[in-house]
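Here are some notes on the structure, written for a colleague who is starting out. Please keep the model open while reading, and check each point against it.

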There are 2 protein chains.
Amino acid sequence: MRIAPLALLLAAAAAPPGSQAVVDAAPASAWRPLDQANTLYMRVNGGTVVIELAPALAPRHVANIKALVAARAFDASAVTRVQDNYVAQWGLPEGRSTGPAARTLPLEAERPAAGLAIAPLPYPDSYAAGTGFADGFPVARDGAGRAWGAHCYASVGVGRDAAPDSGSGAELFAVIGHAPRHLDRNYAVVGRVVSGIERLSALPRGTEALGFYKTPAEHVPITQVRLGSELPPDERLNLEVMRTDSPSFAAYVAARADRTRDGFLVGMNGVDVCNIRVPQRVRP
Amino acid sequence: MRIAPLALLLAAAAAPPGSQAVVDAAPASAWRPLDQANTLYMRVNGGTVVIELAPALAPRHVANIKALVAARAFDASAVTRVQDNYVAQWGLPEGRSTGPAARTLPLEAERPAAGLAIAPLPYPDSYAAGTGFADGFPVARDGAGRAWGAHCYASVGVGRDAAPDSGSGAELFAVIGHAPRHLDRNYAVVGRVVSGIERLSALPRGTEALGFYKTPAEHVPITQVRLGSELPPDERLNLEVMRTDSPSFAAYVAARADRTRDGFLVGMNGVDVCNIRVPQRVRP
């Protein structure tokens, strides 16, 4: 009887940590700063939506989006489509000059898995041979050497017409509902919203087909889009993102797959790539 | 050369139909009417949210919710919490009489799989040994004879405190983001929103912890909740839901798992249970 308290204490010390405990205990080496040279700050309806771009997934589209930002093509543009449980979409008005940016690009909906450092998830997926994270971005892969950005909540993709090479990044969408993974390998994923997704997801839904707003009066104004590296330091989001190749992130994933560590009754012993939000924090 | 057009025609005729074509071709036998005796009509902010209840998944909670409706306990209640990419939650104000309805119930987060007619999905799942649909509701099962309602977009669950038996149905939530399947087996699923989910998903997000609104002034009024069977016929939603045990639904699922049938470039050869919305139509 006398040793019971000590035994309990040892058991508690050995218990795997919950998801918040993992985040709180993550060392400095487990964090990287937001890449300001690849981060968009989009002023929407008076608020800011911050999007980290993923040049590893769609290099030509990301470069073209940066060219569009440099040309100030997105300033005075608008959100024109909000379809419930699907996407919010924005883009340039008709006739807007894009400067030297390309008007169309070859589709970049997938790439070789080789060269992409994927921290794999050890759980089955309904769509792909494997899933995981590449430097903070949710990705999936087949068994034949191909990989692609996964369409998860807050993922940002490139709108296009039916022709695969009709997109350019001048029309973008963010996922605001259950992950439409059927878009994987069909649309280029160029980044993810790291702050302010609720400024898109809580917008009124459009009443036309596909959620387009019926009238221009409903369009939601985008006044300005800048790269973080263009902004004065005090206007940047001072964020760190957990390195998805770190032991801390592996421990975080394990805790998310077994929520009994967070006090749940039952752990599901699994989690899907789109139900894991990469931890981030204000830089200490 | 001469036979090429005919060969093409035959190939087209033999091609599996796309998802909309399946719905359009579904015979009368593939549809069932909305079960008005188990359907809630909730007036929120001047609009209507319609929820079909799932007595097969949580019989005591569904019966208790119906007792709360009969006691008019939900009239003049409110949405008090909207957490982005998670849930909108509503419930009775403090001190509200619940009539003869129970104030707490044993948890009904899972049940025996036996007796539940599950049309299985043939694709892997990140959380469960199997998934499928039981009379229109997304469900999952383990390999040991247990089944449960899946927390998909628009699923409705029972809020509770930490104690498993602290819920009653007086506090409910609807999923408004990526499926939080980690709630499976931990919270009772009592139904799904069949119409008007955007009246919850587009609400302003609460700014307090867990998305609770900061002030009562932000609460979104619920003026009235009734069963369809209580309403005059012309106030009911005249909906039919595709029978999820029908050949049409199996064909629909196959089309959703291979969107090349809908003109996509690449089919993913799979789909997760929460990315399939059961087709419905206005009764002809």
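1. Where in chain A is the place of Ser126(A)? The model is a predicted one, and in it Ser126(A) belongs to the loop that runs between strand S7 (119-120) and strand S8 (130-134) of chain A. With a relative accessibility of 6%, Ser126(A) counts as buried, because the cut-off for that word is under 20%.

2. Which residues does Ser126(A) touch, once its neighbours within four places in sequence are left aside? The contacts are with Tyr123(B), Pro124(B), Asp125(B), Gly270(B), Val271(B) and Asp272(B). For Pro124(B) there is a further detail to look for, since a polar atom of the Ser126(A) side chain lies 2.5 Å from the backbone oxygen of Pro124(B).

3. Turning to the two chains as wholes, a turn of 180° with a shift of 0.0 Å along the axis lays chain A on chain B with an RMSD of 0.0 Å. That is the relation of a two-fold axis. The same surface serves both copies, in that 100% of the contact residues of chain A recur in chain B.

4. How many residues of chain A are in contact with chain B? There are 40 in chain A, and they are in contact with 40 residues of chain B. The area buried between chain A and chain B is about 3,500 Å², and carbon and sulfur atoms give 55% of this area. On the side of chain A, the residues that lose the most area to chain B are Tyr127(A), His178(A) and Met268(A), which together account for 22% of what that side buries.

5. Val253(B) is a useful residue to look at next, and it is found in helix H5 of chain B. Its relative accessibility is 6%, so Val253(B) counts as buried. Apart from neighbours within four places in sequence, Val253(B) is in contact with Leu121(B), Tyr123(B), Val271(B) and Ile276(B). One of these, Val271(B), is 18 residues away from Val253(B) in sequence, while the C-alpha atoms of the two are 8.0 Å apart in space. Tyr123(B) and Val271(B) are also among the residues that Ser126(A) contacts.

6. What does a search of the whole structure find in the way of aromatic pairs? Over all chains it finds 6. In one pair, the ring centres of Phe173(B) and Tyr187(B) are 6.2 Å apart and the planes stand at 80°, so this pair is edge-to-face. The pair links distant parts of the chain, 14 residues apart, with Phe173(B) in strand S12 (residues 171-175) of chain B and Tyr187(B) in the loop between S12 and strand S13 (189-195). Both Phe173(B) and Tyr187(B) are buried.

7. Another aromatic pair, formed by Phe249(B) and Tyr252(B), is stacked, with 6.3 Å from centre to centre and 25° between the planes. Both residues lie in helix H5 (residues 247-257) of chain B, 3 residues apart, which is about one turn of the helix. Phe249(B) is buried, with a relative accessible area of 2%, and Tyr252(B) is buried too, with 10%. In chain A, ring pairs link Phe133(A), Phe249(A) and Tyr252(A) into a cluster.

8. Finally, two arginines deserve a look beside the rings. Arg160(B) lies over the face of Tyr187(B), at 4.2 Å from the ring centre, and Arg192(B) lies over the face of Phe137(B), at 5.7 Å from the ring centre.

Conventions
Residues numbered from 1 in each chain as written. Chains lettered and ligands numbered in written order. Predicted model: local features only at pLDDT ≥ 70, side-chain atom pairs only at ≥ 80, totals over all residues. Heavy atoms only, no water. Helix = DSSP H or I, 4+ residues; strand = E, 2+ residues; numbered from the N terminus. Buried < 20%, exposed > 50% of the residue type's maximum accessible area, 1.4 Å probe, protein only. Polar contact = N/O pair within 3.5 Å; in protein donor to acceptor, adjacent residues only side chain to side chain. Contact = heavy atoms within 4.5 Å. Phe/Tyr/Trp six-rings, centres within 6.5 Å; stacked < 30°, edge-to-face > 60°. Lys NZ or Arg CZ within 6 Å of the ring centre and 35° of its normal. Least-squares fit on C-alpha atoms with pLDDT ≥ 70 in both. Buried area = accessible area lost by both parts, 1.4 Å probe.
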